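Take a look at the chain below. This report walks through it part by part.

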Amino acid sequence: MYYFLGTDTTLKKCKEIRTGSYFTGDTGLSIDDLNTYQDCMSQCDASATCFAWLYRASDKNCQLLPVTNFPLTDAGYKSGYCIRKQVSYPPISMDTYRQQALDQHNFYRKKHCVPSLIINPALNDIAQSYAEYLADTHTFEHSGNKFNGQSMEENLYAKSGGILLNDNGTSPVHDWYSEIQDCSWSHITAAGDEHFTQLIWKGTTSLAIGRAVTSDNSTMYIVGNYFSGGNMGGAYETNVLPLY
C-alpha cells in the first residue's frame with residue numbers, strides 16, 4: 001500500500017519515532033547539518049508537503065518525503081510518519097496503463113502522418129506473460145516471440161525506484177520516442193534508434209503492453225509488442241516518415 005499527503009493538512013503532526021529504520025519512497029527535500037532528529041521532525045512539521053521524515057545521525061542528514069512506501073531496517077536511521085490520516089493512493093490499473101500507452105503512441109504517430117494503432121487483446125497476453133518472465137528472472141532481453149506464427153517487433157523498458165505502479169503509461173513511450181534525436185533521416189536504419197522507428201512504423205497496426213514488477217518491488221518491466229513488426233530491412237524509407 002502506498003500513501004500520499006491528504007488534503008487536510010491540519011491533521012499533520014510529527015509524533016511517531018522509529019529507531020533503526022527508514023522509509024522508501026519518493027525523495028523530497030534533503031537537508032544537511034541538522035543536529036538532532038527532533039530538528040528533522042520540526043522541518044517536516046513546517047513543510048506543507050512532508051508526509052514522513054528520516055534522519056541519519058552519522059552525517060546529520062534529514063530527508064522530507066512527500067510520498068512513502070514501507071520502512072526498511074537500518075540501524076543508522078530514525079524516521080517517522082507525520083500524518084495521522086493516511087490516504088490510499090491506488091496503483092494505475094493495467095487497462096488504464098495500456099490506454100495511456102496507446103494514446104501516447106498515436107499522439108506521436110500522428111506527428112509522422114501514419115495510421116493509429118489499436119490494442120490487440122491476444123497480443124496483450126503474450127506481452128504480459130513475457131513482462132512477468134522478465135520480472136521473475138530479473139533479466140532484460142528480447143523474447144523473439146511470434147504472433148500467429150509470424151514475426152512481431154518488441155520494445156522493452158525498465159524502471160527502478162519510486163512508486164512503480166503509479167508510473168504513467170506514457171513514460172516508456174516518451175523514452176522510446178526520444179530516440180528520434182539519433183535518427184539519421186538521410187540514411188534510416190534501426191541502429192541505435194530501433195525503439196523510435198518501431199513506434200512510428202507505418203505498416204504496424206496493433207499494439208500490446210505488458211507490465212510486471214519484481215517480487216522485491218525494485219524494478220518494473222514493460223513490454224511493448226507490435227504487429228505487424230517493423231524495422232524490416234529495405235522498408236525504412238516507406239515506413240519511417242519524418243515529422244509532418
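Leaving aside its neighbours within four places in sequence, which residues is proline 242 in contact with?

## Proline 242

The answer is Lys111, His112 and Trp185. This is a predicted model. Proline 242 sits in the segment after helix H6 (236-239). Buried or exposed? Neither word fits: its relative accessibility is 48%, so proline 242 counts as partly exposed.

Proline 242 and isoleucine 200 are 42 residues apart along the chain. In space, 9.7 Å separates their C-alpha atoms.

## The whole protein

The protein has 244 residues, and 46% of them are buried. It contains six helices and 13 strands.

Now take the contacts between residues at least 6 apart in sequence. Of these, 72% join residues at least 24 apart.

## Helix H1 and its hairpin

Three buried residues are found in helix H1 (residues 37-46): Cys40, Met41 and Cys44. They span an arc of only 100° around the axis, which puts them on the same side of H1. A general rule helps here. An α-helix has 3.6 residues a turn, so residues three or four places apart point the same way.

What covers these buried residues of H1? The cover includes strand E4 (52-56) and strand E5 (61-65). E4 and E5 form a hairpin, with four residues between them. Lysine 60, in the turn, has a positive phi of about 55°. The two strands pair in the antiparallel sense over five bridges. In this pairing, alanine 52 stands opposite leucine 65 in E5. E4 is mostly covered, with four of its five residues buried.

## Helix H2

Helix H2 has 18 residues, and at 1.5 Å a residue they should span 26 Å. Its end C-alpha atoms are 26 Å apart, which agrees. Just after H2, cysteine 113 takes a positive phi of about 55°.

Many names appear on the list of buried residues in H2, including Met94, Tyr97, Ala101, Leu102, His105 and Tyr108. Polar names are on the list too: Arg98, Gln100, Gln104, Asn106 and Arg109 are among the buried residues of H2. Which elements cover them? The cover includes strand E8 (118-119), helix H3 (121-137), H4, H5, E12 and E13.

## The four-stranded sheet

An open sheet of four strands has the order E8-E12-E13-E11, and its pairing is mixed. E8 and strand E11 (153-160) stand at the edges, each with a single partner strand, so one side of each is left without a neighbour in the sheet. Strands of a sheet pair through backbone hydrogen bonds, either parallel or antiparallel.

E8 and E12 pair in the parallel sense, over two bridges. Isoleucine 118 stands opposite serine 206 in E12, and isoleucine 119 stands opposite leucine 207 in E12. E12 and E13 run antiparallel, joined by eight bridges. Valine 213 stands opposite methionine 220 in E13. The hairpin of E12 and E13 has five residues between the strands, and asparagine 217 there takes a positive phi near 60°. E12 is mostly covered: seven of its eight residues are buried.

## Helices on the sheet

H3 lies across E8, E11, E12 and E13. It runs at about 30° to E12. H4 also packs on the sheet, where it touches E11 and E13. The direction of H4 makes about 115° with that of E11.

## The nonpolar cores

How many residues are in the largest nonpolar core? It has 27. Those with the most contacts inside it are Tyr97, Tyr177, Phe196, Leu199, Ile209, Ile222 and Val240. The elements that give two or more residues to this core are helix H2 (94-111), helix H4 (170-177), helix H5 (194-199), strand E12 (206-213) and strand E13 (219-227). H2 gives the most, with five residues.

Leucine 199 shows how the parts meet. Beyond its neighbours within four places in sequence, leucine 199 is in contact with His105, Tyr108, Arg109, Val173, Trp176, Tyr177 and Tyr226. A second, separate core has 14 residues, among them Ala127, Ala131, Phe147 and Ala208.

How values were computed. Residues are numbered from 1 along each chain as its sequence is written. This is a predicted model: local features need pLDDT of at least 70, side-chain atom pairs count only at pLDDT 80 or more; totals for chains, interfaces and linings use all residues. Side-chain values use heavy atoms; hydrogens and water are left out. A nonpolar core is a set of buried Ala, Val, Leu, Ile, Met, Phe, Trp, Tyr and Cys residues joined through side-chain atoms within 4.5 Å. Buried means under 20% relative accessible area, exposed over 50%, partly exposed in between (1.4 Å probe, protein chains only). Contact means heavy atoms within 4.5 Å. The arc is that of the directions from the helix axis to the C-beta atoms. The expected span of a helix is 1.5 Å times one less than its number of residues. Two strands pair if DSSP finds at least two bridges between them. Axes are lines fitted to C-alpha atoms, for helices over the stretch in contact, and angles run from 0 to 180 degrees between N-to-C directions.
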